[in-house]
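Got the viewer open? Let's take a short walk through this one, from the whole chain down to a few odd spots in the backbone.

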Amino acid sequence: MQKVSINNIEREKLMILLGVVGAVLIVSGAHAAVNWTAYNDCHTNPLGFTHDNVTRWTIYTGNTNNYTGLLKDFETGSSHAMPVVTFTMVGTLGSSGSAAANPDPNTDAYEIFDGKVDFSGNIVDSESAPGWAQEITFTGLDPNMTYTFVGTAIRAKHYPYREALVTILGHVYANNNSSEDLVTTRDTTILQPGDNSSPGYVVRWDDISPGADGSFTIRSEDAPGGEYKSYPINGFMLQKFDPSGNRPPTVDAGSDHVLVRPEHTVSLDATVTDDGVGDPNGFLALEWSKITGPGEVSFDPNVFVEDPCVTFLTIGYYELILSATDGEFEASDTVAITINEPNHSPYPPILIGPADGEPNVSLSPLLEVMVSDPDEDIMDITFYGRRIPGTEDSFTIIVIPDTQCYSDAYPEIFTVQTSWIANEVNDGSRNIVFVTHVGDIVEHPDSVVEWDRARESMSVLDPALLNLGDPCLPEPVVPYAVIPGNHDQPTVLYNQYFPYTRYEGVLPWYGGHYGNKNDSSYQLFRAGGEDYIILHIEFCPKTDPDGNDVLDWGNFVLQEYADRKAIIVTHGFINEFGERTVSFCSDTQYIWDALVVPNDNVWFVLCGHNGSVGEALRTDIVNGHPVYQLLSCYQRRSNGGNGWLRIMRFVPEEDRVYIETYSPWLDQYETDENSQFDLDFPMGDVFAIIDSVNDVPNGTNASVEWLCLSPYTEYEWYVTITDATERTTVGPVWRFTTGPALEPSSPDPCSGAGQVDINTILTWIPGEDAVFHDVYFGMDNPPSTLIATDLAEPVCDPTPLDGMMLNSCTTYHWQVVGKTTGGQMPGPVWQFKTGLAGDFDSNNHVCFLDLQVFISQWLDLNCSGSNWCDGADINRNNEVNLKDFAILSQYWLQSCED
């Protein structure tokens with residue numbers, strides 16, 4: 001919408017409409033008696049001629065003591081009953097000596113300000129700092145009267161881009177009558193003080209109705225797209241009008257519209273108001289017409305209504321004007337309508353290679369497609385890919401429900417359960433990756449006999465439990481975890497029989513624990529091509545008023561491993577009816593709110609405790625996916641539970657989890673709908689971005705290299721094509737199968753990886769028939785330093801000396817040469833960039849979060865394995881000490897971009 005002056009042709013059309021040809025129309029703003037007029041010189045020239053009855057209120061750098069006060073009636077020089085003007089400054093303004101100019105004769109500014117305000121001498125500008133703004137606020141105005149504001153700033157030299165955006169604020173209504181060549185809307189004007197070939201543009205609003213508090217504001221600031229060194233209002237006039245008698249109509253032509261064919265009709269939303277006074281009395285006429293546009297325009301029902309439907313048959317840009325007159329005064333406003341050709345989505349991609357279903361594809365294949373667009377737009381191409389999960393990716397988690405009755409009276413049932421699990425692990429067909437016990441291990445927490453029985457049964461899975469003092473503890477049959485239930489509390493004996501020292505720093509899948517007990521812990525494992533975390537939380541964890549409680553810790557752990565899918569296990573969570581309330585704990589909603597709601601990687605919550613029915617499933621959608629809450633507790637059945645177990649079989653190939661309930665004691669399955677069912681669960685490698693190619697011309701090819709693939713593996717991929725108008729086409733999914741590794745492949749760290757551990761170990765997949773390997777390593781490309789020769793295994797430590805580490809934030813290159821009986825097969829040159837020493841949370845910044853991790857491991861001994869005391873053993877010397885702290889201090893508050 002843009003204010004436009006009515007030209008002679010339009011005047012003539014309106015006069016014919018009114019039947020008063022030859023009458024003289026008066027422009028809006030010159031229609032009522034002036035009550036008073038006030039002028040202000042915002043930047044007085046000490047040598048100039050500013051009139052005595054002109055005020056000099058201002059504010060800018062170096063002049064902040066004269067920013068507010070009463071205006072003067074120009075005719076009388078009195079400030080009695082006059083409004084207050086206040087200047088506010090944001091940013092920096094200064095003055096440019098001898099840079100201003102007075103308006104030329106026959107300009108709008110000359111007609112208003114000549115002989116009253118002196119614009120010569122200096123001009124206020126924004127100097128060299130963007131983001132400035134000047135606000136001129138008038139208070140003490142009469143909300144029942146109308147006002148006119150006229151302001152200007154004039155630069156002596158020609159600077160075409162020094163434009164100020166001037167806006168009127170806080171008013172009820174105003175009619176913009178700024179100089180004809182300026183770009184305006186109803187409430188804004190782009191003032192060009194530095195582009196006056198004939199200096200004298202003004203910003204002007206007439207018929208200003210102040211806000212209900214008797215105020216309005218004029219704001220000057222940088223114009224979008226202009227130079228920030230521009231000019232605020234340097235002088236203004238304010239007039240008060242007696243609103244009695246006729247006032248001109250107000251016209252708002254409504255919103256601009258952009259239509260895309262086949263759309264070609266729009267309903268206009270204009271509004272026209274009038275005071276009901278005119279000539280003849282109460283007369284008001286209005287008419288729509290086209291100012292510019294490439295084709296004919298039709299108005300339905302006609303051009304004489306406020307909101308007609310307008311039809312455009314020709315593509316292009318149109319401006320329409322709505323003119324209104326009350327017979328004495330007239331007003332108008334414009335609206336812009338753009339009719340565009342439809343932009344079509346890109347065509348589907350054409351596959352160049354590899355061919356769909358192609359076997360024996362390279363381990364670093366070039367993915368290539370040809371792309372085109374009906375509108376010949378340039379396009380951005382994004383490549384997505386994933387490894388296709390197969391039957392070999394299926395895995396199983398076993399859930400052991402409450403065993404309290406077994407430990408008390410039926411220990412043989414408990415042992416049959418763990419023996420069956422161990423046999424199934426050894427068989428391998430189920431691929432059991434984890435076993436979790438949901439708590440209530442014993443019936444009486446102070447019964448040594450019951451704890452001995454529980455330990456005996458669990459030792460089938462972990463023989464080391466029978467001799468925790470053995471310095472060479474054997475590995476468990478399968479990764480597992482136990483948590484205490486309410487019958488295991490207080491947990492004094494629990495922590496003697498299942499101490500965290502059995503697991504921490506000894507078993508690589510044990511992530512850590514809360515405090516100095518094993519009541520709450522977490523474990524890490526990988527299955528089906530994905531990483532998982534299983535968080536075990538003690539029964540109804542108590543909250544600490546200071547906020548340092550187990551739920552805070554659990555939330556921290558889940559966020560630290562946000563890239564892993566998460567399973568939460570806690571003894572009491574839902575009851576038989578799926579409600580989050582359990583005995584001895586009541587409401588468990590707080591656990592949900594603290595651990596599930598903030599973490600979108602949580603998919604399952606497993607629990608026991610409520611045994612009257614023994615089974616329940618509750619599903620809630622949170623963070624955009626289902627979270628399954630499963631209860632399994634059979635203690636009130638015959639023989640304290642009859643040995644029922646829960647089997648969770650994960651099948652990535654189907655994105656399903658199959659739940660079964662089986663008793664090795666009875667050797668039978670329970671198959672009712674509460675005991676045997678399946679759940680949707682996306683698994684396997686998800687489609688991830690391989691790479692993108694931008695600004696691809698129409699009809700050309702786009703390609704990327706997909707690195708680090710594994711041999712004899714099936715992959716699938718697709719592309720998305722997005723044109724300049726953000727229309728996107730998704731291509732079909734194509735598949736291929738990789739062939740043998742003829743040369744060394746699948747490097748770890750993967751080529752191009754960042755934030756790699758400074759103690760990383762190099763691994764790779766050997767090429768076909770490779771017997772030995774030589775490794776070249778260094779910062780040069782290609783690497784020239786031979787660091788290992790005749791390696792029989794595809795593993796190499798690039799820093800073989802004790803205590804040696806790679807440099808932080810450094811790019812390294814490495815190459816493996818496979819040696820066969822027939823010669824040598826050099827592999828490609830791979831590269832990676834190390835992260836920061838001490839950046840334990842991998843956020844590319846060493847800060848207080850890392851220090852917190854370090855302090856939690858301070859002086860820990862026996863650091864080893866993949867965990868290395870949560871990484872706090874930076875130099876990998878098996879203990880966290882001052883040497884590690886010295887390394888951490890070296891990189892304190894640094895990032896790799898520093």
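Switch on the surface first: the protein chain in this predicted model has an accessible surface of about 38400 Å², and carbon and sulfur atoms supply 50% of that. Now colour by burial. Of the 898 residues, 53% are buried.

Next, colour the charged side chains. You'll find 41 positive and 127 negative charges, yet their mean positions sit just 3 Å apart.

Go back to cartoon view and zoom out. The C-alpha trace spans about 110 × 70 × 60 Å along its principal axes. The radius of gyration is 40 Å, while a compact globule of 898 residues would come in near 29 Å. Colour by secondary structure and you get 10 helices and 56 strands. If you draw contacts, keep sequence distance in mind: among those with a separation of 6 or more, 69% link residues 24 or more positions apart.

**Stop one: two prolines**

Before zooming in, a bit of background: most peptide bonds are trans. Select D300 and P301. The bond from D300 to P301 is cis, with omega near 10°. Where does P301 lie? Look in the loop between β19 (297-300) and β20 (309-312). D300 is the last residue of β19 (297-300), going by that range.

Now jump to D748 and P749. These two are also joined by a cis peptide bond, with omega about 5°. P749 is in the loop between β48 (745-748) and β49 (753-756), so show residues 745-756 to see both strands with the loop.

**Stop two: two positive phi angles**

Again some background: most residues other than glycine have a negative phi. Select D207. Its phi is positive, about 55°, although D207 is not a glycine. Show residues 203-209 as well, since D207 is found in that strand, β11. Is D207 buried or exposed? With a relative accessible area of 5%, D207 is buried, because anything under 20% counts as such.

Finish at Y712, another residue other than glycine with a positive phi, this time near 50°. Y712 lies in the loop between β44 (700-705) and β45 (714-723). Turn the surface back on here: Y712 has 53% relative accessibility and counts as exposed, because the cut-off is over 50%. Keep D207 and Y712 selected together for a last look: D207 is buried in this model, whereas Y712 is exposed.

How values were computed: Residues numbered from 1 in each chain as written. Predicted model: local features only at pLDDT ≥ 70, side-chain atom pairs only at ≥ 80, totals over all residues. Heavy atoms only, no water. Helix = DSSP H or I, 4+ residues; strand = E, 2+ residues; numbered from the N terminus. Buried < 20%, exposed > 50% of the residue type's maximum accessible area, 1.4 Å probe, protein only. Rg over C-alpha atoms; globule rule 2.2 N^0.38 Å. Contact = heavy atoms within 4.5 Å. Areas by Shrake-Rupley, 256 points an atom, 1.4 Å probe, with all protein chains shown as cover. Lys, Arg positive; Asp, Glu negative; His and termini not counted. Charge placed at Lys NZ, Arg CZ, Asp CG, Glu CD.
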